[in-house]
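Let's take a walk through a protein model, going from its inside to its surface. Have the 3D view ready so you can click along.

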Amino acid sequence: YADWCGPCKAIAPIYEQLSAQLSRPQKITFTKVDTERQKEVAQTYNITSLPTFMIFKHQRVVSTIRGADPRKLSEVVKKLAAEADSEGSGGFGDSSSSADAGWFGTSLPKGYEDATDQVDVRGLDLLNSDSNFGTARTLFDSSKPSALANGKGEAASGQSEKTKDWVETDTDEQLMLFIPFQSTLKVHTLHITSVTPKDTESEADDTPMRPKTIQLYTNRAHVLGFEEAEDIPATQAITLQPQDWDSTTATAKIELRYVKFQNVSSLVLFVLDGDGDGERVRIDRLRIVGEKGSLRELGKLEKIGDEAGE
């Protein structure tokens, strides 16, 4: 906020009321930052409009509200208080009811937020996935992958093939995923979780692999065909190494060439191969991290830029 900011003054009574009612000792703390006196803080978190409300959990930003929106601010804070009050069943911050308060396999970079809730799940398209496993929507589920619970990369006891909460490739190791967004994003980082089985007695062809080589394409109007993708220069190509995967959460953090991922209305993620000699690749979760922009008109994806991959 700033002393000269009219909208800040207008919403101040609502903020003070929420602070008085919903503060929780050692759980929820309300803090105000004067951007005129704390310019370094404002720059660090890229504050471009006032007022801006930021929700932190475990030292990372999980939600941002820009502008004086009393209804939205009240909803977010009351939801946070309800989660804090229910601590004990899973721990504060482990709620999986939405992407804003969902599970993360690795930390968010300072100054950026989880933008997974901007994925337009109705427009997702996934090619070469095994129908016995999850769908494209499964990848963006806010919950912790069930396979991490038993530590074996396998379904929980009694869980059928059709309810497994991950995606596996079908005829070979390649996978093509089209991800449209509800708003224009600046994409900074991708989190990819792949919980591979630790059963060393499995045959190589039957044991799914983690993705190794990935190509990303921005602002495509639809999913690419596999042969089509080979003829189009990727916006960025990534080769994941074994050390890139967190040993506890099975998650790799992919930092993108940020300058190439501005004003992104859609992503195509192309997995070319896996990290072994098998024939199947597995992905449990995907998270999109960056900055949310203005809402676009759904159904009217347009290519931005004249060069391929822009």
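What follows is a short tour of the core, some charged pairs, a surface patch and two contacts between separate stretches of the chain.

Keep in mind as you go that this is a predicted model.

**The core**

Start in the middle of things. In soluble globular proteins, nonpolar side chains tend to be buried together. Here, the largest nonpolar core has 34 residues. If you want to find its best-connected members, click on Phe140, Leu177, Leu190, Leu269 and Ile288, which have the most contacts inside this core. Two or more residues each come from strands E6, E7 (211-218), E9 (251-255), E10 (264-274) and E12 (285-295). Which of these elements gives the most to the core? That would be E6, with eight residues.

**Charged pairs**

Now for the charges. Side chains of opposite charge can pair when their charged atoms come close. The cut-off used here is a side-chain nitrogen of Lys or Arg within 4 Å of a carboxyl oxygen of Asp or Glu, and by this rule the count comes to 10 salt bridges. Here are three of them:

| Pair | N to O distance |
|---|---|
| Arginine 66 and glutamate 113 | 3.7 Å |
| Aspartate 120 and arginine 122 | 3.3 Å |
| Arginine 280 and glutamate 168 | 3.0 Å |

Take the pair of arginine 66 and glutamate 113, which form a salt bridge. Arginine 66 sits in strand E2 (residues 60-66) and glutamate 113 in strand E3 (residues 113-114), so the pair links distant parts of the chain, 47 residues apart. Are the two partners buried or exposed? Arginine 66 is partly exposed because its relative accessible area is 36%, while glutamate 113, at just 3%, is buried.

The pair of aspartate 120 and arginine 122 also has two unlike ends. Aspartate 120 counts as buried because its relative accessibility is 10%, and the cut-off for buried is under 20%. Arginine 122 has 62% relative accessibility, so it counts as exposed.

For arginine 280 and glutamate 168, both partners are buried. Arginine 280 lies in the loop between E10 and strand E11 (282-283), and glutamate 168 is in strand E5, so their salt bridge ties together parts that are 112 residues apart in sequence. There's a third member to look for as well: salt bridges that share partners join Asp130, Glu168 and Arg280 into one network.

**A negative patch**

Over on the surface, Asp170, Asp172, Asp206 and Glu279 form a negative patch. Zoom in on aspartate 172, which is in the loop between strands E5 (167-168) and E6 (175-193). Aspartate 172 counts as partly exposed because its relative accessible area is 32%.

**Separate in sequence, together in space**

Last stop: two pairs of residues from separate stretches of the chain. Cysteine 5 comes in the segment before helix H1 (6-22), and its relative accessible area of 3% is why cysteine 5 counts as buried. Its C-alpha atom is 10.0 Å from that of serine 49, which is 44 residues away along the chain.

Leucine 148 is the other one to try, and you'll find it in helix H4 (residues 147-150). At 17% relative accessibility, leucine 148 counts as buried. How far apart in space are leucine 148 and threonine 248, C-alpha to C-alpha? The distance is 8.4 Å, with the two residues 100 apart in sequence.

Definitions and conventions:
Residues are numbered from 1 along each chain as its sequence is written. This is a predicted model: local features need pLDDT of at least 70, side-chain atom pairs count only at pLDDT 80 or more; totals for chains, interfaces and linings use all residues. Side-chain values use heavy atoms; hydrogens and water are left out. Patches are made of residues with over 30% relative accessible area and no salt bridge: like charges are joined within 9 Å, nonpolar side chains (Val, Leu, Ile, Met, Phe, Trp, Tyr) within 5 Å. Accessible areas come from the Shrake-Rupley method with a 1.4 Å probe; for residues, only the protein chains shown count as cover. Lys and Arg count as positive and Asp and Glu as negative; His and the chain ends are not counted. The place of a charge is taken as NZ of Lys, CZ of Arg, CG of Asp or CD of Glu. Helices (H or I, at least four residues) and strands (E, at least two) are DSSP runs, numbered from the N terminus. Buried means under 20% relative accessible area, exposed over 50%, partly exposed in between (1.4 Å probe, protein chains only). A nonpolar core is a set of buried Ala, Val, Leu, Ile, Met, Phe, Trp, Tyr and Cys residues joined through side-chain atoms within 4.5 Å.
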